[in-house]
Amino acid sequence: MTPMDYFSILLAFLVAGIVAFAATPLVKKFAYVVGAIDVPRDNRRMHKTPIPRLGGLAIFLGFLVAELLFGTMDRTMASVLIGALIVVTLGILDDILRLKAWIKLIVQIAAACIPVLYGGLRIEFLTNFNLVSGERFLYLGYLSIPLTVIWIVGITNAVNFIDGLDGLAAGVSTISSLSLLVICCVTNDPYVAVVMACLTGALVGFLPYNLNPAKIFMGDTGATFLGFLLATMSVQGLFKFYTVISFAVPFLILGLPLFDMVVAVFRRILSGKSPTAADRGHIHHKLIDMGFNQKQAVAILYAITLILGVIAVILALYGSSAALLVLLGLLVIGVIVFRIFLKPEKKDAGAPSAGEAEKTEEKPEPKE
């Protein structure tokens with residue numbers, strides 16, 4: 001990458017951040033006008049006063065302005081933006097009207113098909129883990145189409161699943177986006193690097209309004225947009241490598257939302273519920289019930305995402321052996337930090353749990 005590429009990345013980051021930061025107060029007023037307000041009504045919601053949704057619209061605006069100014073507008077990127085616009089429009093309607101899950105799923109599949117079928121964005125190769133085979137990679141052929149659509153729709157909803165505490169989904173997405181940005185810079189991919197700079201900047205501009213105590217939520221508008229863009233760009237920037245990182249790195253970068261979504265889906269199915277039935281069993285709920293307050297829970301999940309992102313970068317640069325050593329070192333540090341600084345507070349007998357106490361003061365998990 002040339003110095004001009006790095007300059008474009010920096011400008012894209014700054015412009016996206018400034019636009020998102022300036023647009024968020026306007027979006028907040030718009031949310032009140034159209035009635036996109038999250039009112040606490042159940043035990044999954046941890047705030048006691050109504051909070052406006054639609055914050056994701058500011059993120060999208062910041063990203064879009066910067067991408068149009070500094071990005072490469074080819075057939076693939078145009079198809080991604082069209083799909084993203086559909087997802088954002090769906091999110092706005094859902095934040096206002098609360099749409100049925102099956103309606104959202106159909107529209108998300110249609111949006112995912114645009115970059116896959118029109119833009120040619122496909123997961124064509126995967127690492128072959130069959131040790132007796134002489135082939136290092138599996139060519140997917142026509143299976144690449146449904147597999148890529150499933151990946152995009154899955155990540156789109158995975159980010160939405162973890163949007164349950166102030167600043168959680170936005171912060172996790174910021175770390176994931178930054179990890180992908182670093183990898184693209186060191187692997188000489190300015191195309192995706194600029195896109196990730198736009199997204200990271202827009203998220204940084206929005207975060208001051210979304211950190212605890214949140215003044216606005218990103219809503220489905222933001223969570224599904226973030227998931228859609230991270231999914232499509234991971235295909236464009238990572239799955240095209242003919243190395244082990246074509247499989248491992250995307251799963252590391254998006255590991256936390258993926259893990260939470262898979263566990264949630266299996267948990268609901270095994271209990272006889274619909275996979276889309278919202279509950280209070282997500283990983284952030286578990287941390288709250290363990291005695292952590294909301295800021296501590298978010299910090300822990302940020303740290304996990306950061307660890308996975310660092311390992312992904314090390315894996316992309318130096319291979320699996322170096323990544324394993326880094327993982328072991330970070331695990332040791334994590335245990336020490338947990339025991340010293342993040343140990344949950346002991347509760348007196350008869351005192352309400354942290355989860356019960358925070359139901360009246362902090363943020364909800366949006367309806368899935």
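Helices (H or I, at least four residues) and strands (E, at least two) are DSSP runs, numbered from the N terminus. With that in hand, Leu-54 is easy to place: the loop between β2 (51-52) and α2 (55-70) holds this residue. This is a predicted model, in which local features need pLDDT of at least 70 and side-chain atom pairs count only at pLDDT 80 or more, while totals for chains, interfaces and linings use all residues. Residues are numbered from 1 along each chain as its sequence is written, and side-chain values use heavy atoms, with hydrogens and water left out.

Let us stay with the backbone for a moment. Most residues other than glycine have a negative phi, and most peptide bonds are trans. Leu-54 has a positive phi, near 75°, and it counts as buried because its relative accessibility is 0% (buried means under 20% relative accessible area, exposed over 50%, partly exposed in between, with a 1.4 Å probe and protein chains only). Asn-188, in the loop between α6 (168-186) and α7, also has a positive phi, near 60°. At 49% relative accessibility, Asn-188 counts as partly exposed. The peptide bond from Asn-212 to Pro-213 is cis, with omega near -5°, and Pro-213 is found in the loop between α7 (190-210) and α8.

Next, follow helix α3, residues 75-97. Its 23 residues reach 33 Å from the first C-alpha to the last, close to the 33 Å expected at 1.5 Å a residue (the expected span is 1.5 Å times one less than the number of residues). Arg-98, just after α3, takes a positive phi of about 60°. At Arg-75, the charged end sits over the ring of Tyr-118, 3.9 Å from its centre; this term asks for NZ of Lys or CZ of Arg within 6 Å of the ring centre and within 35 degrees of the ring normal.

Now to the spaces inside. On a 1 Å grid over the protein atoms alone, a cavity is a set of points where a 1.4 Å probe fits but cannot get out, and a pocket is an open set with protein on both sides within 12 Å along at least five of seven lines; lining residues have an atom within 4 Å of a point. Grid points are joined across faces, edges and corners, and a volume is the space filled by probe spheres set on the points. There are 2 cavities of 30 Å³ or more. The largest has about 40 Å³ of space, and α3 gives the largest share of its lining, 4 residues. Helices α3, α4 (101-118) and α8 (219-237) each supply at least two residues of that lining, which includes Asp-94, Lys-104 and Asp-220.

The second largest cavity has about 30 Å³ of space. Its lining draws two or more residues from each of α8 and α9 (245-253), and Leu-230, Pro-250 and Ile-253 are among the lining residues.

Finally, look at the second largest pocket, with a volume of about 340 Å³. It is lined by 17 residues, of which Leu-105, Gln-108, Asn-157, Phe-161 and Thr-276 lie nearest its centre. Helix α5 gives the largest share of this lining, 6 residues. Ser-144 lies in α5 too, and it counts as buried, at 3% relative accessibility.
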